[in-house]
Amino acid sequence: MILDDEYITRDMLTDESYVGKYFFNGNTIMCDLGKGKINTIAFCSDKHVAEGIAQGLNLLDNLEASGIELKKQNSL
C-alpha cells in the first residue's frame with residue numbers, strides 16, 4: 001500500500017485488512033502460531049469485544065507488515 005497522506009483512514013482499509021493470525025472463539029482471543037499450535041491471548045467480557053480486539057490486532061500486524069510506520073500517540 002502506497003500512501004500519499006500522512007494518515008490512514010477507514011475507507012483505505014479492506015475486509016482483508018482485519019484477517020490474520022488472531023481470531024476469537026466465543027469470548028476468547030487466540031493466536032494461530034502455525035503447525036497446529038494455538039495460544040490463548042486473552043479472555044473478554046463477551047464475543048463482540050473479543051472479535052473487535054482480534055480484528056484490531058490483525059490490522060496492526062498487517063499495517064506493520066506492509067511497512068507502515070506506526071507512531072505512538074501522546075496521551076493527554
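## A tour starting from asparagine 58

Select asparagine 58 to begin: once its neighbours within four places in sequence are set aside, asparagine 58 is in contact with Ser17, Tyr18, Val19, Gly20, Lys21 and Tyr22, where contact means heavy atoms within 4.5 Å. The coordinates belong to a predicted model, in which local features need pLDDT of at least 70 and side-chain atom pairs count only at pLDDT 80 or more, whereas totals for chains, interfaces and linings use all residues. Residues are numbered from 1 along each chain as its sequence is written, and side-chain values use heavy atoms, with hydrogens and water left out.

Staying on asparagine 58, colour by secondary structure and you will find this residue in helix H1, residues 47-65; helices (H or I, at least four residues) and strands (E, at least two) are DSSP runs, numbered from the N terminus. Asparagine 58 has a relative accessibility of 3% and therefore counts as buried, the classes being buried under 20% relative accessible area, exposed over 50% and partly exposed in between, with a 1.4 Å probe and protein chains only. Now display the side chain of asparagine 58, one polar atom of which lies 2.8 Å from the backbone oxygen of tyrosine 22.

Next, select serine 17, which sits in the segment before strand E1 (22-25) and is buried, with a relative accessible area of 12%. Apart from residues within four places in sequence, serine 17 is in contact with Asn58, Leu59 and Asn62.

Move on to tyrosine 22, whose contacts beyond four places in sequence are Met30, Cys31, Ile41, Ala54, Leu57, Asn58 and Asp61. Tyrosine 22 also belongs to the largest nonpolar core, a group of 6 residues that you can select together as Tyr22, Ile29, Cys31, Cys44, Ala50 and Ala54. The elements that contribute two or more residues to this core are E2 and H1. A nonpolar core is here a set of buried Ala, Val, Leu, Ile, Met, Phe, Trp, Tyr and Cys residues joined through side-chain atoms within 4.5 Å.

From the core, turn to threonine 40 in strand E3, which is partly exposed, with a relative accessible area of 43%. Threonine 40 touches Thr28, Ile29 and Met30, if residues up to four places away in sequence are not counted. A distance drawn between the C-alpha atoms of threonine 40 and lysine 21, which are 19 residues apart along the chain, should read 12 Å.

The last residue to select is lysine 35, in the loop between strand E2 (28-34) and strand E3 (37-43). Lysine 35 is exposed, with a relative accessible area of 87%, and has a positive phi of about 55° although it is not a glycine. Most residues other than glycine have a negative phi.

Finally, zoom out to the whole protein chain, which has 1 helix and 3 strands and follows the pattern β-β-β-α when read along the sequence. The C-alpha trace spans about 40 × 35 × 20 Å along its principal axes, and of the 76 residues of the chain 18% count as buried. Among contacts between residues at least 6 apart in sequence, 38% join residues at least 24 apart. If you colour by charge, the mean positions of the 7 positive and 12 negative charges are 11 Å apart; Lys and Arg count as positive and Asp and Glu as negative, with His and the chain ends not counted, and each charge is placed at NZ of Lys, CZ of Arg, CG of Asp or CD of Glu.

Notes
Polar contact = N/O pair within 3.5 Å; in protein donor to acceptor, adjacent residues only side chain to side chain.
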